[in-house]
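Hi everyone, thanks for making time this morning. I'd like to walk you through one structure, a few residues at a time, so please pull it up and follow along.

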Amino acid sequence: MAERLDTPLTRRRRLPRINLQSEGVGRVAEAIARFSGTPQFLVYLSIFVFAWLGWNTWAPEAWQFDKAELGFTALTLMLSLQASYAAPLILLAQNRQDDRDRVTAEQDRRRAERNLADTEYLTREIAGLRQALNDVATRDFVRSELRDLLAEINRENSSDRESETR
């Protein structure tokens with residue numbers, strides 16, 4: 001059997017795939033990004049840096065692990081590592097927030113459309129009721145008509161009495 005050049009000779013074992021699109025990964029990223037933007041984080045980071053600087057400045061020479069003469073290289077690397085992880089986590093959290101904002105904006109737009117349709121419907125109904133009420137005799141109209149009829153009857157009665165007395 002001829003060997004094919006487009007297939008590997010041996011199969012490699014692959015590491016299990018981690019679903020990086022899962023909701024859990026996003027929630028963890030948001031929690032880290034949310035915490036890294038708090039005053040509490042700044043206080044903890046400041047304490048860490050001051051402790052690092054203090055230890056490597058005033059501790060006995062044998063106990064120092066990051067020399068001041070070298071410009072605290074390990075501290076610089078630690079802070080760079082923290083920043084290199086923080087930036088993508090913050091971007092991931094912002095992307096997730098943008099997605100939520102987009103969904104919220106779409107729901108708000110739909111709700112506004114429904115409210116507009118409901119308002120237009122109610123406006124048409126009120127206009128229809130007003131037109132219908134123009135054709136319906138109102139209480140005031142009926143009272144005025146009854147007064148007019150009563151006045152007319154009274155006039156007729158008084159004119160009949162006058163003609164009888166003559």
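Let's begin at F141, which sits in helix α4, the helix running over residues 139–165. Keep in mind as we go that this is a predicted model. F141 has a relative accessible area of 44%, so it counts as partly exposed. Now hold that residue on your screen and look for L20. F141 and L20 are 121 residues apart in sequence, and their C-alpha atoms lie 76 Å apart in space.

So what is around L20? You will find L20 in the segment before α1. Is L20 buried or exposed? L20 is exposed, because its relative accessible area is 59% and the cut-off for exposed is over 50%. L20 also takes part in a nonpolar surface patch, together with I18, V25 and L92. That patch comes to about 370 Å².

Next, helix α1 itself. Helix α1 covers residues 23–36, which is 14 residues. From its first C-alpha to its last it reaches 20 Å, close to the 20 Å expected at 1.5 Å a residue. Which residues of α1 are buried? They are G26, A29, E30, A33 and S36. These buried residues cover an arc of only 130° around the axis, which means that they sit on the same side of α1. What do they pack against? The buried residues of α1 pack against two helices, α2 (39–58) and α3 (73–135). If you turn to the face of α1 pointing away from that buried side, you meet the exposed residues R27 and R34.

Let me pick out E30, because at 7% relative accessibility it counts as buried. E30 belongs to helix α1. Setting aside neighbours within four places in sequence, E30 is in contact with A93, R96, Q97 and R100. One of those contacts deserves a second look: the side chains of E30 and R96 meet in a salt bridge, at 3.1 Å from N to O. This pair links distant parts of the chain, with E30 in helix α1 and R96 in helix α3, 66 residues apart. Both partners, E30 and R96, are buried.

How many salt bridges does the structure hold? The structure holds 10 of them. Here are two more, and for these you can stay inside helix α3.

The first pair I'd like you to find is R102 and D99. R102 forms a salt bridge with D99, and the closest N and O atoms are 2.8 Å apart. The two are three residues apart in helix α3, so about one helical turn separates R102 from D99. R102 counts as exposed at 52% relative accessibility, while D99 is partly exposed, with a relative accessible area of 38%.

The other pair is E106 and R109, whose side chains meet in a salt bridge at 2.4 Å, N to O. E106 and R109 are also three residues apart in helix α3, so they too are separated by about one helical turn. E106 counts as partly exposed, at 28% relative accessibility. R109 is partly exposed as well, with a relative accessible area of 39%. Going back to E30 for a moment, salt bridges that share partners join E23, E30, R34, R96 and R100 into one network.

Two phenylalanines to finish. F41 is in helix α2. Buried or exposed, then, for F41? F41 is buried, because its relative accessible area is 15% and buried means under 20%. Leaving out neighbours within four places in sequence, the contacts of F41 are F35, S36 and Q82. You may remember S36 from the list of buried residues in α1.

The other phenylalanine is F72, in the loop between α2 and α3. What is phi for F72? Phi of F72 is near 50°, which is a positive value in a residue other than glycine. F72 counts as buried too, at 14% relative accessibility.

If you take one picture back to the bench, let it be α1: its buried residues face α2 and α3 in packing, and E30 reaches R96 through a salt bridge. Thanks for listening, and I'm happy to go back to any residue you'd like to see again.

Methods. Residues numbered from 1 in each chain as written. Predicted model: local features only at pLDDT ≥ 70, side-chain atom pairs only at ≥ 80, totals over all residues. Heavy atoms only, no water. Helix = DSSP H or I, 4+ residues; strand = E, 2+ residues; numbered from the N terminus. Expected span 1.5 Å × (residues − 1). Buried < 20%, exposed > 50% of the residue type's maximum accessible area, 1.4 Å probe, protein only. Arc of directions from axis to C-beta. Contact = heavy atoms within 4.5 Å. Patch = residues over 30% accessible without salt bridge, like charges linked within 9 Å, V, L, I, M, F, W, Y side chains within 5 Å. Areas by Shrake-Rupley, 256 points an atom, 1.4 Å probe, with all protein chains shown as cover. Salt bridge = Lys/Arg side-chain N within 4 Å of Asp/Glu carboxyl O.
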